[in-house]
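Reader: Please take a close look at one strand of this model and place it among its neighbours.

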There are 2 protein chains.
Amino acid sequence: MISANTPKTLDALFARRAFEFDHPNPILADLPKETNETISLAYGDADPRLFPIKELIATVGGLLNENTDAVLNYAPSDRALTELVANRLQRRGVNVDPQNILITYGSSQILGLLPQIMLNQGDVVIVEGPTFLGGIEYFVTQGAIIETVPVREDGMDIDALEETLKRLAAHGTQAKFIYTIPTHHNPTGTMMPLANRKRLLALAASYGVLVLEDDAYGDLDFKGEMAASLLTLPGSEWVLHIGTFSKILAPGVRMAWAYGPTSVMQRLRKVKSDQGTGPFITRLVSFIAQHGWLDNHIGVLNAAYAHKYGIMRDAMAAHFPNDVRVSTPGGGFFVYGYLPKDMPARELIDVAIAHGVSFLPGTVGYANGGGTHEMRLAFSFQSEEKIADGIQRLGAAMRMFRERK
Amino acid sequence: MISANTPKTLDALFARRAFEFDHPNPILADLPKETNETISLAYGDADPRLFPIKELIATVGGLLNENTDAVLNYAPSDRALTELVANRLQRRGVNVDPQNILITYGSSQILGLLPQIMLNQGDVVIVEGPTFLGGIEYFVTQGAIIETVPVREDGMDIDALEETLKRLAAHGTQAKFIYTIPTHHNPTGTMMPLANRKRLLALAASYGVLVLEDDAYGDLDFKGEMAASLLTLPGSEWVLHIGTFSKILAPGVRMAWAYGPTSVMQRLRKVKSDQGTGPFITRLVSFIAQHGWLDNHIGVLNAAYAHKYGIMRDAMAAHFPNDVRVSTPGGGFFVYGYLPKDMPARELIDVAIAHGVSFLPGTVGYANGGGTHEMRLAFSFQSEEKIADGIQRLGAAMRMFRERK
């Protein structure tokens, strides 16, 4: 029996599940600090020169003056934004039920919430190796055991995926979801071919695993072509698709969407627990995107990022040693580099920082210790001049690294 | 053993906890529809004429032109907003550890997340009767059993709270948290006296229950006085405090804060799962609030809302039957009405809507069926003219209701 006289502690009050979320974040590689002089090619920030500042300011002015109560008072998420997402998915051939679209505070919100509704302690999640670090963090923090499937020149190795699923099944283990970035993959810049997308979904349906399709770079294709979303292929009932305005408008507005099966979306709404994404920010995004503006803006972005990638590609050809292999992305934000055996990324980066340039060592994209001789180079953030200068510095760092050995 | 050949269903993939969140929302009272002609006194929307439109537009312009990368690229929540909240709490006498401040997408986000970390199925939550409907919804949806403590003219009845805690303890039940709105209570407009605040915390510490202090109206005092936050009283280690910019800036920006014990805040951060509240919206709020602007604005709001309450009070005195008793708030957004026995709120509201005015029946603030002869009247949203007109219509509806009997 409980009495008012025995000493009480707050710790006695938590739900059992609160302790399930107590796994520490996976330890990040201990990277050397960039300085103000470092040309950082490490992070996939958007190019701030491409932010539509004038349009955002004009939109806010119009919104607040004309739609004051709808954007500043209590109001639901803007329905026009859901319709915009529905239209964009429909154009790609998805048979959309708008009720299953969820507007979120960034696609990270979904990467964080999905494990809450899918994972019991020790459940298996399959990820690509390498993959987006943020995903691994959320999955591991919530108790996932990570199985890694390698990424080849054409994206996830589907043979290896099948072997993994078969091996798990033989042990009675059903993976909960497969996290994939099939289009302009982060960090490798690779593209999964249509045949592999179809095989991936057939395997998902056959083994009963949800596929989390992260389509962050789906619109960012240098030629303006759109790959087939997994939502348009047979087995799409196993797909939870996430997309974001971070790359095509601005990361700082934290606006993204998810689309998937009713049973998943209903539960994501429950754990989202914020009364829906707010009226001001959702209407800001839907208003600026009106009347074809977003399509036009995406065209501008693709031309600009294609140009910046070209600068990086030419600089790498001119300055990198011949035995450093690099990926040839057709879109997205990243080039991925494969370093020779005598050039481990974690050692190279110290020399690179001393030369005033940085990159992201491959290890941070792996949950299994891989990536020791890999590196990610972002052409998204820096200016053309800085990209060329940074790659030249990095080439010099690579030569210096070898000479010192 | 799992094989690729047996048919699979998505339902097999969910976490056990996903089903714990499957409780249906409590059923809302089936209210008659307001029309365009209805003067709605039902909802606690802010007065749109008091939104700082010009300042918001100017702030957005300045922010986007001068701080482009910090607000539109990937960036953490604005540290200045955390400092602003810390300073405001410190001014009220709270010994603040800024690490335990969490900036959230509206205080509803906390009302939604707290049950996720505190409640196992069938755990008890103590609420005031009446209270804020949104709170009850979140708690019940996540499996809470609700115990209701009545609200008197001076807020929560602390004797009744003690009896409830004693009764629960005698049955071996430890309540998880007590949800209270001690200052300018929603919906009753009452104020909990200092002595009762102290007793509340002493009981919480003695019985080992967290106190969730919803301070939504803490700044909105007609005389500009601030009541003692529970955070400043002995036993504050049992307090999770939430405050919001919804009432003092604009609900639509969805910006609020929580402050409480480290163990609670750390777990709230984990289930928040959105990489922190975004840079654009947090910086927008911290920039507009700079240099004393927010204090000045709160002064303007308090004068305006005091005036609007005065209009409502005078109109009620002129037009309501003598046996309709109303509360006398010193701040906040609401007057609460106690109707005579022959005038149940759910029947009265049909007549009121026919007279072109609405209110919120008291029942929606109770989890236990109470409030049948109570009503909430918001003076926050409507103009002075509409308030006077609405109350006159409501008085006429009350007389008509009686005549028809």
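Reader: How many bridges join E7(A) to strand E8 of chain A, and do the two run parallel or antiparallel?

Author: The model is a predicted one, in which local features need pLDDT of at least 70 and side-chain atom pairs count only at pLDDT 80 or more, while totals for chains, interfaces and linings use all residues. Residues are numbered from 1 along each chain as its sequence is written, with chains lettered from A and ligands numbered from 1 in the order in which they are written.

Four bridges join E7(A) to strand E8 (residues 239-244) of chain A, and the two run parallel. Helices (H or I, at least four residues) and strands (E, at least two) are DSSP runs numbered from the N terminus, and two strands pair if DSSP finds at least two bridges between them. Within this pairing, A:Val211 has A:Val239 of E8(A) as its bridge partner.

Strand E6 (residues 177-180) of chain A is likewise joined to E7(A) by four bridges, and these strands run parallel; here A:Phe177 has A:Leu210 of E7(A) as its bridge partner. Between E6(A) and E7(A) the chain passes through helix H8 (residues 194-207) of chain A, making a right-handed β-α-β crossover, a term that applies if, with the strands pointing away from the viewer, the path from the first strand over the helix to the second runs clockwise.

As for its surroundings, E7(A), which spans residues 210-214, is mostly covered, five of its five residues being buried (20 or more other C-beta atoms, placed from the backbone, lie within 10 Å of the residue's own). In a regular strand the side chains alternate between the two faces of the sheet. Both faces of E7(A) are covered, with A:Leu210, A:Leu212 and A:Asp214 buried on one side and A:Val211 and A:Glu213 buried on the other.

A wider view comes from chain B, where eight strands form an open sheet of mixed pairing in the order E2-E9-E8-E7-E6-E3-E4-E5. Strand E2 (101-104) and strand E5 (155-156) of chain B stand at the edges with a single partner strand each, so one side of each is left without a neighbour in the sheet. At the E5(B) edge, two bridges join that strand to strand E4 (residues 145-152) of chain B, and the pair runs antiparallel, with B:Arg152 standing opposite B:Gly155.

Note on methods:
Buried ≥ 20, exposed ≤ 12 C-beta atoms within 10 Å, placed from the backbone.
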